Amino acid sequence: MKITRIHVDQFGKWNDLNLAPLNTGINVFYGPNETGKSTLMRMIRGILYGFQPEEMREHSRVSNSVPWSALLDIQHKGQAYEIRRQTNSKGRGNFSFQAESRGTSGQTLLTSLHAGVNESVYENVFAIGLNELQELGTLHGDQVAQHIYGLSLGPEGQAILDVSDQLTQSRQKLLSSDLKTGKLVDLYQQLDDVNLKLGDLEQQAQRFFKLSNELQQSQADSDSLKKRKAGLQYQIRGHRFLDRAWRPWQEVQTLHQKLKRLPAISSFPENGVALLNEYDQNLKQVEGKLGELKTEIQRLGKEIERYELDNDLLNFASNIQSLAEQKDWIADLEQQYQQGESQVQDAEQALNQQLGQDQTFNEIRHIKTTPDNNQRLITAARAYRLAYGKRKNAHQRYKRVSRKYQQTLALLQEQSSHLLHGHSIDEELQRARERMKHLERLSQLRFRESEVLIRQEAVKEQLLRLQDHARIPSWAQKMLFSFALAGMLLIVAGIWRGVSDATLIGLIFCLAGVFYGGTAWALKKHYEINTDDQTEEMQDEIWALDVHLRETRQEIDRLLEDEFFSLKLVTEGHSISSHKHQEKLPTLNFNDENILRTELLHELALKIGELEQLKVAQDRSQKTRLLLVKLRNRSQEIQRVFSGKRHEWCECLKQLGLTETLKIDDAFQMWHQVSNVNLHANQLDQEKRRIKPLGEIVNMYYSRVRDLGQRMNRNQHNFDKPFDVITEWARELDTLSVRQEERTRLRKEEQKLRQESDALQLNRQELEHQRSSLLIQGGAANREEFIQRATSLEERIQVENLLQASQTELEKVSRSEQEIAIVEEDLLNFNPDENTEHLEMLNLELEDIERDLVSVAENTGRLKQDFQNAKTDRSAAHLRFEREQILEQIKQASEKWFTSELSTVGLSQLRSEYERTCQPETLTIASEYLRQLTNGKYRNIWTPLGEQFPKIDDQQGHTLTVNELSSGTREQLFLAIRLAMVERFRNRGVELPMILDDVLVNFDQERTIAAIETLNAIAEKGQQILFFTCHLHLTRLFEDHGGSPVWLPDTNSQTSSSPALFHQADNLEQKSDAEIFTDSSIIGSDEPAPQVPAYGLEWSSPIQSLGTLDDAQIRGLNQAGIQTIDDLLNRDADQIARKLQQDHLSAGLIFEWQSQARLASSIRGITSSQAALLVSCGITETNEVATIALEELWALVESCQQSSEDHSDLVIEQHQIQQWIHWAQQARRHRSDRSDTALQPEIKPSKNSQAGREYRRDQSHVSTDNQSPTIPPFYLNRSMPVEEAPSIGSKTAHRLEKIGIFTIDDFLQCNPEFVSGKLTVRHINEQTIRQWKTQTKLACCIPGLRGHDAQILAACGFSEPEIIAHTSPHELFEKVKAFVKTNKGQRILRNGKKPDFKEITDWINWSQKARALRAA
Amino acid sequence: MPFVPTRFIHASNLRLDHQPQGVGAVSKESQTKLEDCTLITFEEIIKACLKHEIDFLLLTGNTFIDQDYSIRARIALIDGFQQLASENIQVFIIPGQHDPLSAWDLQYSWPANVTFLSPQEHDVLDIRREEETVATLQILNASHYKMHQPLKLNQRNQLFNKHDQRALSIGCIPANSSTEAATRSADRKQSVPLTLSEEILPPDWQADQTYEVPVDYLALSKGTQRHTFEMQPGIAHHPGTAQGLNFNECKNHGVTLVTVNSEGLLDHRLLKVTSVRWLILELNLDQGLSRQQLIQLMQQALLSRQPANYEKLWMVRWQIKGSGGLFDSLRSFKNQRGLSAELVTESKDRLPVLIEQSFYLQETEVYSSREPSDLIHLYQQQLEAFKTETESPLNQLLTHTAQLDQTWHQRLSASVEQMDEQHVFNTAIQNGHNWLSISSDEEVHS
């Protein structure tokens, strides 16, 4: 079907429009907004498919109910038809047609025209506006989708899908995607369990090995114990046996010993012992007697020996006799001699004592100690001592005086040197006195000087005073002078007067003057003379004093000159010799001089005193010197005397032969010594002479004795004591004679005894013979042996008996212990105590061992039991077997898993391959178109298996979803799909024209051109395209590409313009357009400057013409009896809502429509859509428009427009608004208003506004999306600042802005985790941000949803609009109600109204209208 | 020179008390038998030792598995050794990979007839029977044997033998002792899979060994399979494992009785002592075969094998190839169980052993006649491409599925090693056939 002509009798704003002829290809219609392009599109659809109900309603509301009627001239299947549709009261209008040839009914024609394309497909594919192009949803209508995708899922695809489902399931069964469930998981779980148990087995095995070791150990223990036990038992037995055997053995042993010891005796005489005893007794007696005799003989022999004689002595008996006689005499002599000798010794000793050490006797021997000499010595000594004493005295005295003199002299010397300075005393004294005088004089002069000075001073003062008093003061002088002058003048005057008039008076005056002058003179004179006299006197006095003073001073100076230096130097201790410094005499002041002077005076006085003393002392010393001289003389004399005496003394000593010494005592001592020595020497000589003969006699006697001794060979005697020897000798001689007699007597006695003993000897020999024969008989050597033999014989017999018994016993014992051999050693070492001890210990040990054995046996038993248990324990094998089984199962399962994985891989590859190669034709064609439209940027459109959304491959091979495309590209994509669909339809014989309503507005220049070329190409393929646009540049572009655009006439002015003419005057029109543009630059730009713009709506317009209502709403309103705008405005919104009782038609919504209708119908120039915009801006009343300031309204509208920028037909310029205001002031009123306002002009608007407010609690909003008035505006757009998002205050928004989140869009795209980390605010965590995001998303997606509503919904757990949309209102209401009661809910609501059921229902409805987040 | 006549049993890989692997659910009784199989086998070995009056028993490696911590193994060993001790039969134990010397717990007083040889020991050990050396035993280590060969064998033989006979010289190669530590720590918790490697002899063994160390009998111990190599002179022999523990070890197993007679002939003979027999029976299931026929077939297959009196249990795996309804019905465990139960009851009186059966189905290609649909074709191509393009496809799969965490990744990659890659692929392809063919049918219908 090709449209060749469009003719509108009456449709919408169009009437009597004729557009012809149309191309079979592309037709471009240009018309500004509000021209009626969309209306035309609707009309064409209406003709084909019947008018929409809202169109009908709109129509029915139009007051002048001219039926809507439009017709199209079409070419269809080679036939030309004129099809027409007219509104009728019911249904969707009447269809009628005229054809060249008859024969077809209207219905068949229509069916043929539709060719299977139903209305919705037509609407979504053939006749599309920007709306359809922007929404993917429009492609999802069942029928459309079927066209696009339906065929894509061929049986093969289905199979692939099924298989992949199956695979997913089986994979899930084996191992779920979260790795938590599935057969493999179970198996591995089991495996782990078994492995765990097996892990225990390791320990168990070790335990077992330990156990077996222990068992072995314990068995070994038990064995060793048993062994030990046996050993012990054996030992015990041994010990016991020993114990028993020892005693008999011991006995046997001892007996054996005994036996051994006993000699073996073969023959022994009977009663041998008795005989022997007898013999022995006899023998003893005999021997006793014999012994006695022998001793007797011996004694006698000894006695005889003792009396044996010494013959030598007898030979010298006579000599000895003589000597013994002389003995007493000699002894006496000897005694005498000894005495004399001791005396000599004493004397000698004394002499030696007297002698000095150095002296020898001979030295002293020659000194004659005569009494004369003694006398002489004494006298000499006396004289000498006298002289000595005298000399000593004199000497001492002289010394004393001399010393004294020396002292005095030294003192004197010191004093004089101190005082005299080399001068004599007198001289010095004189000078001191002289100076004294000088000084006295000086002090007098000084005194006088001061006196004179004082006097002079006094005189001077007197003089001065006198002068002062004497002088007349100067003022008196002056006065007096003036008087005198005045007097002179007066005189002159008096003269002059006197000459002329009053000479007399002048004279008087003159006289007075003279008088005064005179007086003054006199006075002066008087005083001045007096004083002068006195002054003179005084002057004289002063002079006199002055002279006096000078004299005095001169004298002083002289004196000072003389004295000063001497004085000064005296005080300073210098000599006055140097007078060189005289000139430099310093002028001393008065006081210093005084002090100095007095000091000097005092000093001088002292000096004079001292000098005088010195003089006296000198005199005295002189006297002492004289005395000294005298004394010296005398002492010299005495010395001479002493020398003489000394000489005498020495001479004396020399004469005496003594050693010369000056000391008298020594001399006398020496003398005394000498005399003593002499005395002793004499005594000694005498004594010596006396004892000499005595000595000689004694010595002779001694020698005689010694000779005798030597002769007698008696050297043993001490010949030093000859008397003792002699006595001895005498005594010896006596004893010798006695002994001789005794010996002879004893000899006789001896003889007798010898005979007796010989007899006894014989007797004894006989006895001995008898005894020895007996002993020989007994086999013994002697008696002891014999007796022993006898006893031993006896014993032996006894022992032999005992041995017999013991041996039998021992045998018995040893028989009792067969196995135990008797070890001699043991028996030897045997100790019964030890043995019992041992035995006890062994027994104890045995007990211990037995106890141990029992415990070990128990232990062993237990271990054996355990061992047995472990041995029979087959759990390990069991477990391992089990594990193996599980492993097998795992193997199988994982094999399955791998198989399915592999299949998945294969399948997915298959699938992708399939998807890429086996796409439905539509998409293949669409891909081509898309490539053209996007200049080759996007190539392929495909859809995954089983899904109904297209995917796009771009140049680089990336696959993108629709949401990832930019909005322009998306439009291109959808356009391409539609073009493809149309092409497919066309290929199937559907030849419906395509109507595009400004679909290229969002294309850029290049793509627009590409699109135009594409469209042209399609048109060339035989597709008729009607392209409506309000963009001049598009029109021009089409023109450039060979199209000739049709300029649609303005609806309001078209009445007067003939379409044909209009069409013909194409160029002209353009020119005029240009003119109009220039004109309209004042008031408007696009519109061809209507002088009086038409009303957007008429009262009679059907409600469809409101434009913002959808079918359902229109239907609803129609049901409520509202057909026209008039109807709508006549009713109260609440009333209507109540009547409608429909969820989606709230009073608020209806009020909005009413306002829209009112605005559009009351104010010229406002179309219904513009009215909708205004309403969305919050302006509902005409007078609001009339009263509002231009700027304010513009601001409102502008902000609304920004949110609906895509709707180019709604572009409102400022000048329009100006117009609106202008026309609003002249607005017509609806009659309901008129009537109402007549009665209650104020109430209604307020009521309305109240109702309006109820819906729009928040007046501040400006952002709306007026796609459809039933859907309230979106309160949140992605481009809004983030602060607008629910729950986000300015503070948080500020924080978010800091981290780069400025808009809602940013916020929605943010990563909560990241943001919460960045924010570092404690109360904002990841969860919070997620919650906010959910809220924001809700507010963004669901129209009419406020921030707090979104908060409530999010808090109730609704995060997706879809979920809300599918929730029943009651359920949601319950949830919300419950939530609102909570604290949190209260906090969100604050003081706001609780959401009621209606509101919640609205939310659900709006949710159904939710826009996709991306597209938002 | 003739040998000193002797006789000994060589056993390896006894793996006492080690669990069988790859066994599904079995009856209680069978499980007991399975668990005890190695022990029973050991008892049989001991019996055989006594019966054949051997001189010594040679155990070369893996007598038990250390990581099993098995008590029963220990007890069984002690019992057995004691029995041998009473008959003066010596036992020579060479530790293997899984029973290192440290695991033998040498503190424990083993019976006196037991001698342990360390793998590091290279001295020649004389095995004596009353004063006479009947054989020499020496551990040979690939890296050491050259250096530690102080005496040529002939010289030794001259030294030790009074007669004109020489002792049998036995060389023993311990199972890779060098890698022992590493492997032990690596699979501590895992069950111990024994290396089935074909590399039984160390590399360049053949070349050097024959010249340098002429042993008469070379005891091998690597792996579980029985095999013998003729050497010049002598033989190298591996008795295999005495008791198989899984279906991979289903071949002849037992111990080797080596007899050396005075003629210098060395005879080795397999002594079967296994208590559990692993049987893999293959069957081709034809399309038209009925269930009864199948049972008959199976019975035939079973009865064709004679049970030995020492055998207690047969583990039977039916590898059934085929297709068709009956085949499909076998997929259900219930049917499998029914079938095996029936089989057991039928052959009970003729087979005095327990029988445990499992089924391993292998579907033969039934679609070959039909043209596979595009999808299947594509799918198969995809899989094939995946397999050929990636190096280790299964591991690739693991990394592919990113949702796996560390533990699971480990677990699954561990199981990858045990998996038959081809099998997985086959199954996957098979699955693809199953799933995708239906749709192709529908396509045909539509």
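Which residues gather in a patch of positive charge on the surface? The legends below, which describe a predicted model, begin with this view.

**Figure 1. A patch of positive charge on the surface of chain A.** Arg397(A), Lys399(A), Arg400(A), Arg403(A), Lys404(A) and Arg634(A) gather here. Helix H13, which spans residues 371-420 of chain A, supplies the largest share of the patch, namely five residues. One of the residues in helix H13 is Arg397(A). Its relative accessibility is 33%, so Arg397(A) counts as partly exposed.

**Figure 2. A patch of negative charge on the surface of chain A.** The patch consists of Asp532(A), Asp533(A), Glu536(A), Glu537(A), Asp540(A) and Glu541(A). Asp540(A) belongs to helix H16, residues 503-572 of chain A. With a relative accessibility of 43%, Asp540(A) counts as partly exposed.

**Figure 3. A salt bridge within helix H16 of chain A.** The side chains of Arg550(A) and Asp546(A) meet in a salt bridge, with 3.9 Å from N to O. The two residues are four apart in helix H16, and therefore about one helical turn separates them. In general, an α-helix has 3.6 residues a turn, so residues three or four places apart point the same way. Asp546(A) is partly exposed, its relative accessible area being 25%. Over all chains, a search of the whole structure finds 31 salt bridges.

**Figure 4. A salt bridge within helix H43 of chain A.** Arg1330(A) and Glu1326(A) form a salt bridge in which the closest N and O atoms are 2.4 Å apart. These partners are four residues apart in helix H43, which means that about one helical turn separates them. Arg1330(A) has a relative accessible area of 37% and is partly exposed. Glu1326(A), at 26% relative accessibility, also counts as partly exposed.

**Figure 5. A salt bridge between distant parts of chain B.** The side chains of Arg277(B) and Glu311(B) meet at 2.7 Å, N to O. Arg277(B) lies in strand E13 (residues 276-285), whereas Glu311(B) lies in the loop between helix H6 (291-303) and strand E14 (313-322), and the two are 34 residues apart. Are these partners buried or exposed? Arg277(B) counts as buried at 18% relative accessibility, and Glu311(B) is buried with a relative accessible area of 6%.

**Figure 6. Two residues with positive phi in a loop of chain B.** Arg15(B) is found in the loop between strand E1 (6-11) and helix H1 (28-52) of chain B. Asp17(B) has its place in the loop between E1 and H1 as well. Although Arg15(B) is not a glycine, its phi is positive, at about 50°. Asp17(B), likewise a residue other than glycine, has a phi near 60°. Arg15(B) counts as buried at 1% relative accessibility, and Asp17(B) counts as buried at 2%. Asp17(B) also takes part in a network of salt bridges that links Arg880(A), Asp17(B), Asp36(B) and Arg72(B).

**Figure 7. The surroundings of Ser621(A) in helix H17 of chain A.** Helix H17 covers residues 590-656. Ser621(A) has a relative accessibility of 5% and so counts as buried. Leaving aside its neighbours within four places in sequence, Ser621(A) is in contact with Tyr405(A), Thr408(A), Leu409(A) and Leu412(A).

**Figure 8. The packing of helix H44 in chain A.** Helix H44 spans residues 1347-1355, and Asp1349(A), Ala1350(A), Gln1351(A), Ile1352(A), Leu1353(A) and Ala1354(A) are buried in it. The buried residues of H44(A) pack against helix H43 (1326-1341), helix H45 (1361-1365), H46, helix H47 (1383-1389) and helix H48 (1397-1408). Just after H44(A), Gly1357(A) takes a positive phi of about 95°. Helix H46, residues 1369-1381, contains Lys1377(A). Lys1377(A) is partly exposed, with a relative accessible area of 35%. From C-alpha to C-alpha, Lys1377(A) and Asp1396(A) are 8.5 Å apart in space, and they are 19 residues apart in sequence.

**Figure 9. The whole of chain B.** Chain B has twelve helices and 15 strands. Of its 446 residues, 54% count as buried. Among contacts between residues at least 6 apart in sequence, 74% join residues at least 24 apart. The accessible surface of chain B comes to about 20,500 Å², and carbon and sulfur atoms account for 48% of that surface.

Key:
Residues numbered from 1 in each chain as written. Chains lettered and ligands numbered in written order. Predicted model: local features only at pLDDT ≥ 70, side-chain atom pairs only at ≥ 80, totals over all residues. Heavy atoms only, no water. Buried < 20%, exposed > 50% of the residue type's maximum accessible area, 1.4 Å probe, protein only. Patch = residues over 30% accessible without salt bridge, like charges linked within 9 Å, V, L, I, M, F, W, Y side chains within 5 Å. Areas by Shrake-Rupley, 256 points an atom, 1.4 Å probe, with all protein chains shown as cover. Salt bridge = Lys/Arg side-chain N within 4 Å of Asp/Glu carboxyl O. Lys, Arg positive; Asp, Glu negative; His and termini not counted. Charge placed at Lys NZ, Arg CZ, Asp CG, Glu CD. Contact = heavy atoms within 4.5 Å.
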